[in-house]
Amino acid sequence: IYQSEMKRAFIQIATDVDMLVDSSKIDRVSFSQFARIDEIDRFITDSGLSAKAAESIRNLYDEFELLTV
């Protein structure tokens, strides 16, 4: 929980927020949340993301990037 609190504090003072997420973490339930969807400016993940998940995320964010790993 301490990490989530620290991430929340960083987001509060940041001018831009980039979310870098391993694709294996997407569509998983977590017990902590540190940011709302509208607080993230750019979403970055690896190419292991399913096409359906990529489309959903692309619809939420103006800036979405898939990286080849």
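## Exercises on strands, charges and rings

Arg 36 is partly exposed because its relative accessibility is 46% (buried is under 20% relative accessible area, exposed over 50%, partly exposed in between, with a 1.4 Å probe and protein chains only). A quick note before you start: this is a predicted model, where local features need pLDDT of at least 70, side-chain atom pairs count only at pLDDT 80 or more, and totals for chains, interfaces and linings use all residues. Residues are numbered from 1 along each chain as its sequence is written, and side-chain values use heavy atoms, with hydrogens and water left out.

**Exercise 1.** Find which side chains meet Arg 36 in salt bridges.

*Solution.*
- Start with the rule: a side-chain nitrogen of Lys or Arg lies within 4 Å of a carboxyl oxygen of Asp or Glu.
- Asp 38 fits, at 3.0 Å from N to O.
- Glu 39 fits too, at 3.4 Å from N to O.
- Put them together and you get a salt-bridge network of Arg 36, Asp 38 and Glu 39.
- Now check exposure: Asp 38 counts as exposed because it reaches 58% relative accessibility, while Glu 39, at 18%, counts as buried.

**Exercise 2.** Work out how strand β1 is joined to strand β2, by backbone and by side chain.

*Solution.*
- Locate the strands (DSSP runs of E, at least two residues, numbered from the N terminus): β1 covers residues 18–21 and β2 covers residues 42–46.
- Look at the backbone: the two run parallel and are joined by four bridges (strands pair if DSSP finds at least two bridges between them). One of the partners is Thr 45, which bridges to Val 21.
- Sort the faces of β1: Met 19 and Val 21 are on the covered one, Asp 18 and Leu 20 on the uncovered one. In a regular strand, side chains alternate between the two faces of the sheet.
- Add the side chains: Asp 18 and Arg 42 make a salt bridge at 3.9 Å, N to O. That pair ties β1 to β2 across 24 residues.

**Exercise 3.** Classify the ring pair of Phe 43 and Phe 64.

*Solution.*
- Recall the cut-offs: rings of Phe, Tyr and Trp (its six-membered ring) pair if their centres lie within 6.5 Å; planes under 30 degrees apart are stacked, over 60 edge-to-face, and the rest tilted.
- The search of the whole structure gives two aromatic pairs. In the one between Phe 43 and Phe 64, the centres are 6.0 Å apart and the planes at 35 degrees, so call it tilted.
- Place the rings: Phe 43 sits in β2 and Phe 64 in strand β3 (residues 63–67), 21 residues apart. Both are buried.
- Finish with the cluster, which Phe 43 and Phe 64 form with Tyr 61.
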